[in-house]
Structure formats: structure tokens, C-alpha cells
Amino acid sequence: MTHPNPAVARSATLAEIAREAGVSAPTVSKVLNGRADVAPATRSRVEELLRHHGYRRRRAEASRSPLIDLVFHELESAWAMEVIRGVENVARDEGLSVVLSESAGRLTPGRTWADQVAARRPHGVVLVLSGLDESQRALLTSRSIPFVVMDPAGDPGDDVPSVGATNWQGGLAATRHLVDLGHQRIGVISGPSRMMCSRARLDGYRAALETAGLPVDPSLLRTGDFHHDAGYRCGLELLKLPDRPTAVFAGNDLQALGLYEAARELGLRVPEDLSIVGFDDLPVARWVGPPLTTVRQPLTEMAEAAARLVLDLGRVERPTTATRVELATSLVVRSSTGAPSA
């Protein structure tokens, strides 16, 4: 919330904020610098006044550490390694280091994380499949620490810079490829419905079927979590149906690998008995047997774009508009797809 009188917002000083909060100016400075030796109630009162007055640290005050903070909601797959590589590429070129953290599956980091970032004062923060709540955003903004969301889980809002990929187009291309091969019963294992990218891929799947005049059969839809085990579990369910699908869009490469395992267990051959398409084009997609047809999501390039964007934001005083970047996906046809058996 900004002060209703812009002139007051512009003229508010640390001394005035300290007086209004009933504390000393050094205490306000400690809050700004993320110091731990401030009582929680005092910290909350000072931060509320900082937000109320729209206070932002002047660039001269905001001496930064040579760091980029990279935050994952989960840090446990080859997908994350591609993202780390991209941010590290940019950090290395800029003479910076990368600090990794994980929010243990939550889509918003904990409050202690925000305090730690404020204390570190990095050049910027890149959040992957995560977001910030209002107080965290206000905290980073008051410290002039820019942030960018990569592959946002939900709509990040018009005022949050973000970098993503053309997920809807990718889901459309994956499913259209299977339709063009002659498949009519095409299953899907989508990702979590709370994630915008998985909803967009599923919408692309639906659009491809509807455009081809094929029904969207609810019995062929499964919801996974983008991990191998979900691909295996949902794959078994689909492949044990009395009228099983002849092809499946697996939503991402890890679920596709789980689906490979389910097919092997049931004695089905890929692609002779079952065609499979993934999404991401992780390095492993080229080495599995048979090599996986998948939608290439330029993860490393997306991460590089997010890191460059957050550094660019730190070099300007007040960006006028939030930046949204979408990088193109592309279908990579390999050996896991073919025409349905007669």
C-alpha cells in the first residue's frame, strides 16, 4: 500500500518512519538490512510503515552482494539441473555466484527465507515455479532487490516480471503429431492442476483433439505430479483399461519414463503397441530406448533469460512495466511414436 499523499511518500525519511514507529533510526536501518536482532513485533510495525510510505532504498544505499538467489519449489530432478545451468551461465559471465534454495514443495517460500535474502542483498532473485506473497514482495521491493518468476505456477500478476514457454502450443503440437499418425484414442497424463504450465499443456491437448473432430474422453485423462512414479502409476491405469489408448501424451519427460516402465511391465512395445510423447526434452530423452519423441522446452535458455532480466531490472531505477517473456517450444520427433497397429 502506498501513502495516499504522493508528496508525503516522496519525503518520508528513515527518521520520520522511526518516529512514527516509536523506535530509533538505527532500529529501522536494522530492519532494512535484514538484521535478526529486532523483536518480531517491532519488525512487523516498521515494515508496515515502510510499505505504507512506499519507501525504497536509494541505489547508493543498496550495496549488493555478488549473488543471484535461485529458488526452486522442488530441487530433485534433471529438470532443475537444466535451469541451474542456465542461471550459472549468466552469473559466471557477470562475475556473480548462485545461491540455491528450495521451498520444500510450497509455491511460496517461507518468511525466514525472505529475511535471509534481505540480509544477503543479492543482485536479484529468480524464483522457479514459485511466487511471493504480498509481504515478501514488499520486503524485497523496499530493499531494491529485483525478482523474476520463471515458469510461474499460477498467474504471477501484471506487475511481476516472468519468463515462460509456449506450453499450450507445445501440448497442441504433441497431440496433433499423434493425431496425424492416425491415433484416435490418445490418453494424457497431465501435471498438477495448480500449475499454470500443466493446465496450458492439457488445454493444448484438448484443442488438438477437438480440431481433429475427436472426442475428449474423460476416461483417458489422468493427473500426475510431473514425477516418474506418477507416470508409472497413471500409465498402468490407462494401459489396463478394456479399451486402452494407443498413444499417450505424458505431460513431461519424467512421466514419460514412468510410462515406459508401465508399458514394459505389461508387455507392450513402444512404439509398435503404444506411442509416447513427453515434454521438456531433457538430455535423458535422447538416450532411453527407444529415444523419446518430446516437446522441447528451452529450459537452459529460459533460465538464462530470467537471470539476465533480473540483472537488467537491477540496473534501472523504476521499471515502468513488468516484462513477460515467452520462449517457443518445438516438437522433436524420435522413435517412441509411430502409426497405431492394425
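The following paragraphs cover an aromatic pair, a charged surface patch and one loop residue of a predicted model. Local features need pLDDT of at least 70 and side-chain atom pairs count only at pLDDT 80 or more, while totals for chains, interfaces and linings use all residues. Residues are numbered from 1 along each chain as its sequence is written, and side-chain values use heavy atoms, without hydrogens and water.

A search of the whole structure gives one aromatic pair (ring centres of Phe, Tyr or the six-membered ring of Trp within 6.5 Å). Phe-249 and Phe-279 make up this pair, with 6.4 Å from centre to centre and 45° between the planes. The arrangement is tilted, the class left between stacked (under 30 degrees) and edge-to-face (over 60). Phe-249 belongs to strand E8 (residues 247-249) and Phe-279 to strand E9 (residues 275-280), so the pair ties together parts 30 residues apart in sequence. Strands here are DSSP runs of E with at least two residues, and helices are runs of H or I with at least four. Phe-249 has a relative accessible area of 1% and therefore counts as buried, meaning under 20% (exposed is over 50%, partly exposed in between, with a 1.4 Å probe and protein chains only). Phe-279 is also buried, at 0%.

On the surface, Glu-76, Glu-102, Asp-225 and Asp-229 form a negative patch. Such a patch joins like charges within 9 Å, using residues with over 30% relative accessible area and no salt bridge, that is, no Lys or Arg side-chain nitrogen within 4 Å of an Asp or Glu carboxyl oxygen. Asp-225 sits in the loop between strand E7 (221-223) and helix H10 (228-239) and is partly exposed at 36% relative accessibility.

Asp-217 lies in the loop between helix H9 (196-211) and E7. Its relative accessibility of 22% makes Asp-217 partly exposed. Asp-217 and Arg-185 are 32 residues apart in sequence, with 8.3 Å from C-alpha to C-alpha.

Definitions and conventions:
Patch = residues over 30% accessible without salt bridge, like charges linked within 9 Å, V, L, I, M, F, W, Y side chains within 5 Å. Areas by Shrake-Rupley, 256 points an atom, 1.4 Å probe, with all protein chains shown as cover. Lys, Arg positive; Asp, Glu negative; His and termini not counted. Charge placed at Lys NZ, Arg CZ, Asp CG, Glu CD.
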